[in-house]
Amino acid sequence: MLDYHETCVESEGGVMSEPKTPTPSPAGDTYKGWVFKWTNYIKGYQRRWFVLSNGLLSYYRTQAEMGHTCRGTINLATATITVDDACNFVISNGGTQTYHLKASCEVERQRWITALELAKAKAARMQAESDDSGDDFPPTSAPTVPGQGGASQNSEVQSALRTLGSKVEDLSTCNDLISKHGTALQRSLSELDSLRLTGEAGDKIRQVTERATLFRITSNAMINACRDFLALAQAHSKRWQKALQAERDQRVRLEETLEQLAKQHNHLERAFRGAAQANATADNKSTAGSRKGEASDEDDDNEFFDAMEEAPEFITVPADPQFHKRSSSNISGFNSEICPDDQSLNDEPLAMNQESPSQELVPLKKRRTRIPDKPNYSLNLWSIMKNCIGKELSKIPMPVNFNEPISMLQRLSEDLEYHELLDKAAKCHNSLEQLCYVAAFSVSSYSTTVYRTGKPFNPLLGETYELDRLRESGYRSLCEQVSHHPPAAAHHVISDRGWTLRQEITVASKFRGKYLSIMPLGTIHAIFEKGEHHYTWKKVTTTVHNIIVGKLWIDQSGEIDVVNHTTGDRCHLKFAPYSYFSRDVARKVTGVVMDKTGKAHYVLSGTWDEKMEFSRVMQSSRGGENGTEGKQKTVYQTLKAREVWRRNPLPDGAETMYYFTALALTLNETEEGVSPTDSRRRPDQRLMEDGRWDEANAEKQRLEEKQRSVRREREREAASQRTSSQSEEAVDEDSDLSLKSAHHDNYEARWFSKCEDQITGEQVHLYKGGYWETKDRGNWEDCPDIF
């Protein structure tokens, strides 16, 4: 059976079968040459130029890059070198850096191994000489993990002290023997001396006696010195250990910093070259697009949508702050389109009614601020795959290792993290002002996703989730899983501050190799009592990158139209996809608020993970610079930008709590009086939150099988009802077969009813009422047993 790495090389076209690489050449302390390096599962081994110098092994894509771009460096002083087979060898620093290398032949591999071992020994010797305090630990030990490395190093110190103590005891035993035999020897010499020997024999006896005495004194001094050293080492071992650990941590931080700086330098260089190519001719543009695939190396953890930065649809320039005081005469280069809006917005924040302090709602319940830390469980993909052999795709249980301990219904409720934007919108007097806040709210719901790579639990059919914040924030939220095939969740929020929010979301996904596209389907509605303004918008596409290999990261891309169906006002938002060659900030969002005639009144800009700002448009023109495709850009003269929304900081220790926000930490907190179908009562989700993942996996499989059994029973009942309503003569063999094969389901949601939306014409589930009244009565007899 072929070696795995050898198989990958063969798939690359047999490049290893006839090596054409030159023999590595030593130059003083420097050794360099071509070696094949494992990159990824798609490209396999790729030829790289390696340089060994001063105890550092660096590599480049070509020899020409040596002067400006280093692709990676590993310090041999702390590295291990292992040999796989005749041509393969591995170099690892015990941390994040591991190079799987392959020489063109066994002779070349041996040359590299010899050079690397010599360089490693020399680097370790130089490091030991430069370390004033000495390094009693093995040079290949990896950086310690807090809470584990300290204990292991302390054990090493204690073990070294015990060994040293035993050696001193051995020396003490030898000293006793030396003393015993030395005394006997001196006694014998004294007896010889008493014989009064004369001449040369007497001189020899005296010389031997003096040397024996000196030897005994020296041995005693050595034993005493060793005993003093042991006592001193025991007294100062803790201080030495702390100082050594501090030096090791500092070294690790410096290495990580240097690596990050090298990557940033490399990215900036490539971005500069890409931007230069983007401004060239059309042929150069196509060439740049084709080179993008060649430029992507194993050092890049990300995949990018496009090779060139998209040109902005409009340009904003600062306007004179006193512009609104001037006449409406034409200005050179611009068409006069002065907005006739309320003058109170010229250079002031959006106008809102002031709320008296006596109306502020004070939280009556103290919510939790922490959940159990996420366990550090390794994920064995083979253990998952072998359990899937021979099973239907729909019955394959996905382990909770991919999840976060909240359900999709709770994730939908997280859209209310910044509900105060809707509170402010409800108090606006002007519909265009209100639209700015609604647009900002539509963007704010994505801010919680930037670090959240975990998958929420799929709700069971009939599962609900309530978020009652009436006393704290003035709203009540209810979600219910209303359909399972396709999965759909209905959400309804009512606020006593003058607004209602409802949505029904169905998620479609497409796996595209290295990334997963998640496309939420459905419309979100926001209705305000004042002015009866009704807004709708949809969600953009979420992309999860590096599904197969690499660090997961999330991007949002697409366009949103927030429409006021009462006035015809509209806000067009654009979420720019991440581009490697873009000179703009990452995760950028831009938008324009227009009235029903298409006249711009506000410009929105910011990022979906940080903040949004708005600027009042004082004048617009189509006379700007031409775009990359010959289209004219719209130029907006705006007043100073004002912040409309900013993301709340994450709680302390969020990285160990699935990067949950302050609201997300409270979503799964147990509460009395909730429905038996509430997500808080879901056992597998609760077990995962408590860190009992093995039990959670077993419970998750039980719940899914129970749901399948209930669905099959409903399908049988529905088929039986249809069959009984037809005459026996009308049912032939073909129709009977279709009844058996079709998946008919007569399920009806408990708190939502299906109807046609009057605004969009879609079939949606609307809240039919009764939930909160049932909760007040505490009567949940009509709720199904789904857990």
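Trainee: Buried means under 20% relative accessible area, exposed means over 50%, and partly exposed is in between; with that in hand, what is the relative accessible area of Tyr659?

Mentor: In this structure, which is a predicted model, Tyr659 has a relative accessible area of 32% and is therefore partly exposed. You will find Tyr659 in the loop between strand S26, residues 642–646, and helix H11, residues 662–667.

Trainee: And what's the phi of Tyr659 like?

Mentor: Phi of Tyr659 is positive, at about 60°, although the residue is not a glycine. Most residues other than glycine have a negative phi.

Trainee: Which loop holds Glu532, and what is its phi?

Mentor: Glu532 lies in the loop between strand S17, residues 524–528, and strand S18, residues 534–537, and its phi is near 50°, a positive value in a residue other than glycine. With a relative accessible area of 62%, Glu532 is exposed, because exposed means over 50%.

Trainee: Let me step back to the whole chain. How many helices and strands are there?

Mentor: The secondary structure comes to 15 helices and 28 strands. The chain has 787 residues, of which 42% are buried, and it exposes about 42,900 Å², with carbon and sulfur atoms supplying 52% of that area.

Trainee: What about contacts across the sequence, how many of those join residues at least 24 apart?

Mentor: If you take the contacts between residues at least 6 apart in sequence, 59% of them join residues at least 24 apart.

Trainee: Can you show me a place where distant parts of the sequence meet?

Mentor: Arg368 is a good place to look, in the loop between strand S9, residues 314–318, and helix H6, residues 381–386. Arg368 and Leu667 are 299 residues apart in sequence, while their C-alpha atoms are 9.6 Å apart in space. Leaving aside residues up to four places away in sequence, Arg368 touches Leu665, Thr666, Asn668, Glu669, Arg686 and Glu689.

Trainee: Which of those has a polar contact with the side chain of Arg368, and is Arg368 buried or exposed?

Mentor: The side chains of Arg368 and Glu689 are joined by a polar contact of 3.1 Å. Arg368 has a relative accessible area of 18%, so it counts as buried, given that the cut-off is under 20%.

Trainee: Where does Met398 sit, and how far is it from Lys700?

Mentor: Met398 is in the loop between H6 and strand S10, residues 403–407. Met398 and Lys700 are 302 residues apart in sequence, and their C-alpha atoms are 8.9 Å apart. At 43% relative accessibility, Met398 counts as partly exposed.

Trainee: Now helices. Why is H9 described as largely enclosed?

Mentor: Helix H9 is largely enclosed by the rest of the structure because 14 of its 14 residues are buried. H9 runs over residues 431–444, and at 1.5 Å a residue it should span 20 Å, which agrees with the 20 Å between its end C-alpha atoms.

Trainee: What happens at the start of H9?

Mentor: There, a side-chain oxygen of Asn430 reaches to within 2.7 Å of the backbone nitrogen of Leu432.

Trainee: Pick one residue inside H9 for me. What does Gln434 touch?

Mentor: Gln434, which lies in helix H9, touches Ala425, Ala426, Cys428, Phe528, His533 and Tyr535, not counting residues up to four places away in sequence. Its relative accessibility is 1%, so Gln434 counts as buried.

Trainee: Different topic: how many cavities of 30 Å³ or more are there, and what is the volume of the largest?

Mentor: There are six cavities of 30 Å³ or more, and the largest has a volume of about 80 Å³. The largest cavity is lined by 13 residues, with Arg502, Gln503, Glu504, His765 and Leu766 lying nearest its centre.

Trainee: Which strand gives the most to that lining?

Mentor: S28 gives the most to the lining of the largest cavity, with four residues. Strands S14 (487–495), S15 (499–511) and S28 (763–767) each supply at least two of the lining residues.

Trainee: One last thing, which residues does the cis peptide bond join?

Mentor: The cis peptide bond joins His485 and Pro486, with omega at about 0°, and Pro486 is in the loop between strand S13, residues 475–484, and S14. For background, most peptide bonds are trans.

Conventions: Residues numbered from 1 in each chain as written. Predicted model: local features only at pLDDT ≥ 70, side-chain atom pairs only at ≥ 80, totals over all residues. Heavy atoms only, no water. Buried < 20%, exposed > 50% of the residue type's maximum accessible area, 1.4 Å probe, protein only. Contact = heavy atoms within 4.5 Å. Areas by Shrake-Rupley, 256 points an atom, 1.4 Å probe, with all protein chains shown as cover. Expected span 1.5 Å × (residues − 1). Polar contact = N/O pair within 3.5 Å; in protein donor to acceptor, adjacent residues only side chain to side chain. 1 Å grid on protein atoms, 1.4 Å probe; cavity = no way out; pocket = protein on both sides within 12 Å on 5 of 7 lines; lining within 4 Å. Points joined across faces, edges and corners; volume = space filled by probe spheres on them.
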